[in-house]
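Hi,

Here is the structure I promised to pass on. Have a look at it first, and then read my notes underneath.

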Amino acid sequence: MRANLATSLRRRRRSCPIAQYDRLPPELRRWLAQAALPWSPVSALRLWQKILSETAGDVESARRRLDQIEARMLMKDAPHIWGTPLPANTAPVPFVGQ
């Protein structure tokens, strides 16, 4: 049964986030697998394509740039989450799985 049958709003079909993730380039999927923030596949792909065009397709440079962007976002949100800003020389520590 459909909800809000009497609405005049147009329906938006949203594709499955897992399917969107599966269609991402392998390099971006690997980066997202270790990312500290919960990136959406759509926003990650948009940023990835922009960075790749800026770096002339250099995947390693694009990954480093994504790391920098994520670190900046984490630093920006730190005072709201933990109550005090992190020191300027603090960098996120990458997770090393076993």
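**What I found**

The protein has an accessible surface of about 8200 Å², and 56% of that belongs to carbon and sulfur atoms. Before you go further, bear in mind that this is a predicted model.

On the overall build: the protein has four helices and zero strands, so to speak an α-α-α-α pattern when you read along the sequence. Of the 98 residues, 18% are buried. As for contacts between residues at least 6 apart in sequence, 27% of them link residues that are at least 24 apart.

Now the charged side chains. How many salt bridges are there? The count comes to two, and Glu60 takes part in both the one with Arg63 and the one with Arg64.

- Arg63 with Glu60: the closest N and O atoms are 2.8 Å apart. Both residues sit in helix 4, which covers residues 59-82, and they are three residues apart, or about one turn of the helix.
- Arg64 with Glu60: here the closest N and O atoms are 3.9 Å apart, which makes the cut-off worth quoting, because a salt bridge needs the nitrogen within 4 Å of the carboxyl oxygen. These two are four residues apart in helix 4, so about one helical turn separates them.

Since the bridges share a partner, Glu60, Arg63 and Arg64 end up joined in one network.

Are these three side chains buried, exposed or partly exposed? Arg63 is partly exposed, at a relative accessible area of 22%. Glu60 is partly exposed too, with 38%, and Arg64 is likewise partly exposed, with 43%. For Arg63 the cut-off helps again: buried means under 20%, so a value of 22% leaves Arg63 in the partly exposed class.

On to the aromatics. Searching the whole structure turns up one aromatic pair. It is made by Trp31 and Trp39, whose ring centres are 5.6 Å apart with the planes at 70°. Why is the pair called edge-to-face? Planes over 60 degrees apart count as edge-to-face, and 70° is therefore on that side of the cut-off.

Both tryptophans count as buried: Trp31 has a relative accessibility of 3%, and Trp39 has 18%. Because the limit for buried is under 20%, Trp39 still falls in that class.

That's what I have for now. Shout if anything is unclear.

Cheers

Conventions. Residues numbered from 1 in each chain as written. Predicted model: local features only at pLDDT ≥ 70, side-chain atom pairs only at ≥ 80, totals over all residues. Heavy atoms only, no water. Buried < 20%, exposed > 50% of the residue type's maximum accessible area, 1.4 Å probe, protein only. Phe/Tyr/Trp six-rings, centres within 6.5 Å; stacked < 30°, edge-to-face > 60°. Contact = heavy atoms within 4.5 Å. Areas by Shrake-Rupley, 256 points an atom, 1.4 Å probe, with all protein chains shown as cover.
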